[in-house]
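Dear colleague,

Please find below the structure that I promised to hand over, followed by an account of what was found in it. I have kept to what the coordinates and the database record say, and have grouped the findings by site.

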Protein chains: 4
Amino acid sequence: MRILFFGDVVGKSGRQAIQKYLKKLRDELSADVVVVNGENSAGGLGINRKSIEELLDAGANVITTGNHAFHWKEWKEVFDNYPMVLFPANYPGLLERSHYTTSSGLTVMNIQGRVFMECIDNPFLAADRLLEVVPKDTFKLVDFHAEATSEKLAMGYYLDGRVHAVVGTHTHIQTADERLLPNGTLYITDVGMTGPYDDSILGMHKDAVISKFLNNRPARYEVASGRCTVNAVLIEINKENRDIKRLSFIE
Amino acid sequence: MRILFFGDVVGKSGRQAIQKYLKKLRDELSADVVVVNGENSAGGLGINRKSIEELLDAGANVITTGNHAFHWKEWKEVFDNYPMVLFPANYPGLLERSHYTTSSGLTVMNIQGRVFMECIDNPFLAADRLLEVVPKDTFKLVDFHAEATSEKLAMGYYLDGRVHAVVGTHTHIQTADERLLPNGTLYITDVGMTGPYDDSILGMHKDAVISKFLNNRPARYEVASGRCTVNAVLIEINKENRDIKRLSFIE
Amino acid sequence: MRILFFGDVVGKSGRQAIQKYLKKLRDELSADVVVVNGENSAGGLGINRKSIEELLDAGANVITTGNHAFHWKEWKEVFDNYPMVLFPANYPGLLERSHYTTSSGLTVMNIQGRVFMECIDNPFLAADRLLEVVPKDTFKLVDFHAEATSEKLAMGYYLDGRVHAVVGTHTHIQTADERLLPNGTLYITDVGMTGPYDDSILGMHKDAVISKFLNNRPARYEVASGRCTVNAVLIEINKENRDIKRLSFIE
Amino acid sequence: MRILFFGDVVGKSGRQAIQKYLKKLRDELSADVVVVNGENSAGGLGINRKSIEELLDAGANVITTGNHAFHWKEWKEVFDNYPMVLFPANYPGLLERSHYTTSSGLTVMNIQGRVFMECIDNPFLAADRLLEVVPKDTFKLVDFHAEATSEKLAMGYYLDGRVHAVVGTHTHIQTADERLLPNGTLYITDVGMTGPYDDSILGMHKDAVISKFLNNRPARYEVASGRCTVNAVLIEINKENRDIKRLSFIE
Ligand SMILES: [Fe+2]
Ligand SMILES: [Fe+2]
Ligand SMILES: [Fe+2]
Ligand SMILES: [Fe+2]
Ligand SMILES: [Fe+2]
Ligand SMILES: [Fe+2]
Ligand SMILES: [Fe+2]
Ligand SMILES: [Fe+2]
């Protein structure tokens with residue numbers, strides 16, 4: 001099985017990049033299934049029907065989210081109507097909407113960290129519970145949407161040998177630490193993001209971000225324009241081989 | 001000028017890796033000057049005379065630190081006796097001990113972030129003040145020791161065109177986003193760490209870290225053993241070229 | 001001099017209580033000057049022209065604010081047009097708008113804490129700077145808008161003997177620790193709030209607040225209705241006596 | 001039933017105050033049972049055999065704790081040997097050690113907040129679970145050890161009508177908001193502390209605390225000396241009446 005996973009898609013610009021490159025890369029890389037983190041796909045923050053439809057249309061088989069999932073009220077409609085859009089397992093009551101198994105046999109799970117983030121339920125115990133409810137004989141990938149490198153690596157080791165891959169999202173910066181953990185789980189701390197590159201700080205135009213850091217008063221954040229960066233990983237799992245490769249380019 | 005910069009050195013194991021590889025890499029890569037982040041060099045947390053002496057002996061020309069610098073009381077002796085050991089500029093009263101200019105003409109500056117970290121003075125204003133007091137006609141490199149990717153990229157853009165390089169430290173995971181910013185500053189979000197690799201979460205043995213995440217009660221953290229990872233960047237600045245290259249290997 | 005100080009006024013309901021009781025209490029208690037914290041006066045969060053006009057009309061001589069001051073864009077108009085509306089001294093660049101001296105001879109200063117709050121400039125150093133710029137021969141009161149009891153008591157001791165009173169705001173709950181510090185400064189950790197009492201959590205209706213704590217997903221906060229609580233302190237400073245008395249009632 | 005509850009006892013000085021006043025107040029006020037929060041009873045931080053023995057000897061029937069309970073390794077011995085010493089219910093696995101029913105028929109429960117504190121399990125859901133396991137026909141009191149006023153009031157309303165009293169601890173400052181909630185639960189946001197008063201910030205000598213706020217570098221905290229303050233509440237529950245009264249004096 002070959003899985004193509006795209007990091008947090010930011011805004012219209014990120015969605016356009018997905019529309020332009022997803023199928024192309026999928027075909028070139030012979031990926032069987034494509035997973036996209038979409039928590040920033042609507043206006044740079046959150047999700048809505050439109051952003052979800054566009055990502056699915058572009059070829060995403062499963063869409064994961066994270067802390068920004070609930071930004072727009074419309075998240076409820078997505079929640080009710082799109083079973084392949086996942087919400088983190090450790091929000092109270094959401095476990096059943098945090099995993100999805102594709103027809104190609106990949107179970108994707110979505111969990112969220114809580115170091116330097118909102119204090120939700122324990123992600124490690126949520127992982128245990130998830131593994132009890134998902135189908136046994138599928139390939140298993142976890143999108144661990146988290147801030148702290150320590151919590152992410154801890155989740156990698158915690159699930160090592162119990163799932164095929166743990167990939168991190170949320171920081172919007174790709175890390176260079178992809179590896180095969182000792183018991184066979186593929187791991188990367190952060191896949192990075194797909195969205196604005198020029199004058200961009202995690203997808204937002206730099207000026208407002210810097211202004212906020214200088215003045216501590218609200219600044220009007222806007223999704224940056226200009227060229228896009230595309231960050232993804234290709235995961236390969238078969239009898240002979242387990243491998244995770246980073247992809248990263250600026251259009 | 002060619003600068004070799006090593007990310008956070010963790011514990012005895014990290015110091016040994018520095019002793020083993022620093023001069024070798026410096027010579028192979030024709031580096032003019034070597035900078036090492038040493039905030040975790042003594043017992044995995046903080047600095048002391050011994051850890052500093054070993055890093056200097058191994059060939060470090062400048063040693064930067066960060067939030068853990070003050071962990072051992074002995075930091076005061078280091079502070080008083082080693083001018084090439086830097087402390088973050090935005091701790092109250094430490095600006096004068098946050099920069100150092102080598103005989104080879106490199107001015108190293110050390111600043112610390114405050115998103116998800118202790119709330120110290122504004123790092124952006126500290127950067128402005130630093131640039132007023134350091135020598136004008138030198139090469140300039142900033143070690144921005146910070147957690148949040150947004151704050152780090154913001155510092156990169158804020159100093160773009162005003163210093164030659166901004167390199168991030170603190171997360172202990174190397175990022176894959178090295179780049180030349182539009183106005184000529186070389187940038188990477190995090191250089192990563194130099195220290196234990198096997199069964200290691202940021203240098204500490206995984207078991208205690210996972211136990212803490214599961215139980216929320218104090219666990220006895222220990223520096224991991226086994227193989228070391230070495231994370232560094234090589235920065236080249238000359239008339240024709242400005243370049244930053246990642247180095248990363250497991251011994 | 002007798003100073004009447006009202007804690008955070010919350011929403012329309014709080015403004016109505018101020019309109020109903022301020023002048024009455026001022027006259028009954030022979031207060032020379034009235035200070036009101038208005039950071040929640042517009043819609044329960046932030047300030048605007050209307051909320052400020054109403055508080056002034058009701059008899060407030062000086063209005064202090066805090067972390068919510070900048071919630072509505074209209075704060076800029078208030079900032080530009082109402083010199084007796086203060087903003088915390090330790091936001092970058094706002095020192096000159098953080099103090100006001102009444103014709104009756106009271107200098108009010110506004111500072112904000114940073115423990116468990118946004119990381120702005122050091123409030124203790126801001127206090128030092130404020131004391132350099134305000135008129136010398138006036139009575140001096142500081143509204144220290146802060147969360148943590150440790151930071152508030154620390155500010156009390158830090159300014160003990162340098163100002164006449166340090167009163168805390170922000171937690172919306174009145175504390176029972178009013179006292180005369182050893183060097184003559186009157187102190188209370190928190191004055192409390194003026195606003196909705198029934199089914200109210202800090203002014204907001206309890207249901208949404210509890211829902212947020214249970215589900216960790218956004219809930220629509222609404223200012224509670226029903227009876228109001230009025231929390232204030234009366235400070236008396238004269239040659240024979242220095243005294244701080246709590247006032248608290250439900251209408 | 002009349003319950004006497006003492007807020008966080010700090011260090012030797014606090015223990016001595018308990019030894020001096022507990023039985024005296026119990027007898028004067030005809031209290032049937034005495035509860036003491038002891039999380040700071042050993043050296044100002046944490047608990048040990050000695051501090052627990054002294055509090056029991058002084059007449060405490062139940063001892064509650066909080067976030068500092070685990071500071072000394074010796075907490076495990078207390079955990080294993082003193083069933084009337086409680087640990088917060090929402091640490092993973094500790095629910096069974098978070099409640100105790102006295103021979104006089106009072107069930108005390110201990111829960112911890114997580115706003116501005118370590119992110120443990122959900123305190124509201126823990127409260128629900130506790131109420132399922134504790135004896136039905138007893139008087140019920142909850143010590144909610146928490147920082148944020150919003151979380152504490154939310155717990156009060158959440159348990160209103162389901163327990164007899166919810167008393168807050170942890171901030172070390174007594175609040176003046178004791179009240180009877182609409183469905184019959186007695187409530188106070190914080191009982192305050194029992195320990196050093198003079199030159200004291202939450203029990204610690206002011207100089208180190210202020211130094212830390214000024215310099216952001218480690219300072220050596222020491223329990224303050226001088227006079228003690230005693231903070232408590234007396235709760236009365238009987239057929240005709242439900243009442244909560246604050247007690248506070250400096251020796
Ligand atoms: Fe996120
Ligand atoms: Fe994101
Ligand atoms: Fe480090
Ligand atoms: Fe660090
Ligand atoms: Fe407020
Ligand atoms: Fe506030
Ligand atoms: Fe305490
Ligand atoms: Fe506590």
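A:Asn67 sits in the loop that runs between strand 4 and helix 3 of chain A, and at a relative accessible area of 24% it is partly exposed. Please bear in mind throughout that this is a predicted model. Setting aside residues up to four places away in sequence, A:Asn67 touches A:Glu39, A:Tyr91, A:Gln112, A:Met117, A:His145 and A:His170.

Three of those partners appear again in the UniProt record, an unreviewed entry, which lists A:Glu39, A:Asn67, A:His145 and A:His170 under "binding site". These positions are spread over 132 residues of sequence, yet they cluster in space, with a largest C-alpha distance of 9.9 Å. A:His170 is placed in the loop between strand 8 (165-169) and strand 9 (179-180) of chain A, and it counts as buried because its relative accessible area is 13%, where the cut-off for buried is under 20%. Apart from its neighbours within four places in sequence, A:His170 is in contact with A:Asp8, A:Glu39, A:Asn67, A:Met117, A:His145, A:Ala146, A:Glu147 and A:Asp190.

The same kind of unreviewed UniProt annotation gives A:His68 as "active site". A:His68 is found in the loop between strand 4 (62-64) and helix 3 (75-81) of chain A, and with a relative accessible area of 25% it is partly exposed. Its contacts, not counting residues up to four places away in sequence, are A:Glu39, A:Asn40, A:Leu45 and A:Gly46.

In chain B, B:Asn40 lies in the loop between strand 3 (33-37) and helix 2 (49-57), and it is buried, with a relative accessible area of 2%. Beyond its neighbours within four places in sequence, B:Asn40 is in contact with a set of residues that includes B:His68 and B:His172, together with B:Asp8, B:Val9, B:Val10, B:Gly11, B:Leu45 and B:Gly46.

You may want to look next at the cysteines, since two disulfides are counted over all chains. One of them is formed by A:Cys119 and D:Cys119, whose sulfur atoms are 2.0 Å apart, and the torsion about its S-S bond is about 90°, so this disulfide is right-handed. A:Cys119 lies in the loop between strand 6 (106-112) and helix 4 (123-133) of chain A, and D:Cys119 in the loop between strand 6 (106-112) and helix 4 (123-133) of chain D, so the pair joins two chains. A:Cys119 counts as buried at 14% relative accessibility, and D:Cys119 counts as buried at 15%.

The other disulfide joins B:Cys119 to C:Cys119, with an S to S distance of 2.1 Å, and with 90° about the S-S bond this link is right-handed. This pair, too, crosses between chains, from the loop between strand 6 (106-112) and helix 4 (123-133) of chain B to the loop between strand 6 (106-112) and helix 4 (123-133) of chain C. Both B:Cys119 and C:Cys119 are buried. As for another cysteine position, A:Cys228 counts as buried at 1% relative accessibility, and D:Cys228 is buried with a relative accessible area of 1%.

How is chain B related to chain A? A rotation of 180°, with 0.0 Å of shift along its axis, superposes chain B on chain A at an RMSD of 0.0 Å, and the two copies are thus related as by a two-fold rotation axis. In chain B, the C-alpha nearest the axis belongs to B:Thr175, 1.9 Å from it. The same surface serves both copies, in that 100% of the contact residues of chain B recur in chain A.

Turning to the chain as a whole, chain A has six helices and 15 strands. Its radius of gyration of 17 Å is close to the 18 Å that the globule rule gives for 251 residues, so chain A is as compact as a globular protein of that length. Buried residues make up 66% of the 251 residues in chain A, and about 8,800 Å² of chain A is exposed, 48% of it supplied by carbon and sulfur atoms. Among the contacts in chain A with a separation of 6 or more, 64% come from residues 24 or more positions apart.

With best wishes

Definitions and conventions
Residues numbered from 1 in each chain as written. Chains lettered and ligands numbered in written order. Predicted model: local features only at pLDDT ≥ 70, side-chain atom pairs only at ≥ 80, totals over all residues. Heavy atoms only, no water. UniProt positions renumbered as here; feature names shortened; annotations may be inferred. Helix = DSSP H or I, 4+ residues; strand = E, 2+ residues; numbered from the N terminus. Buried < 20%, exposed > 50% of the residue type's maximum accessible area, 1.4 Å probe, protein only. Contact = heavy atoms within 4.5 Å. Least-squares fit on C-alpha atoms with pLDDT ≥ 70 in both. Disulfide = S-S within 2.5 Å. Rg over C-alpha atoms; globule rule 2.2 N^0.38 Å. Areas by Shrake-Rupley, 256 points an atom, 1.4 Å probe, with all protein chains shown as cover.
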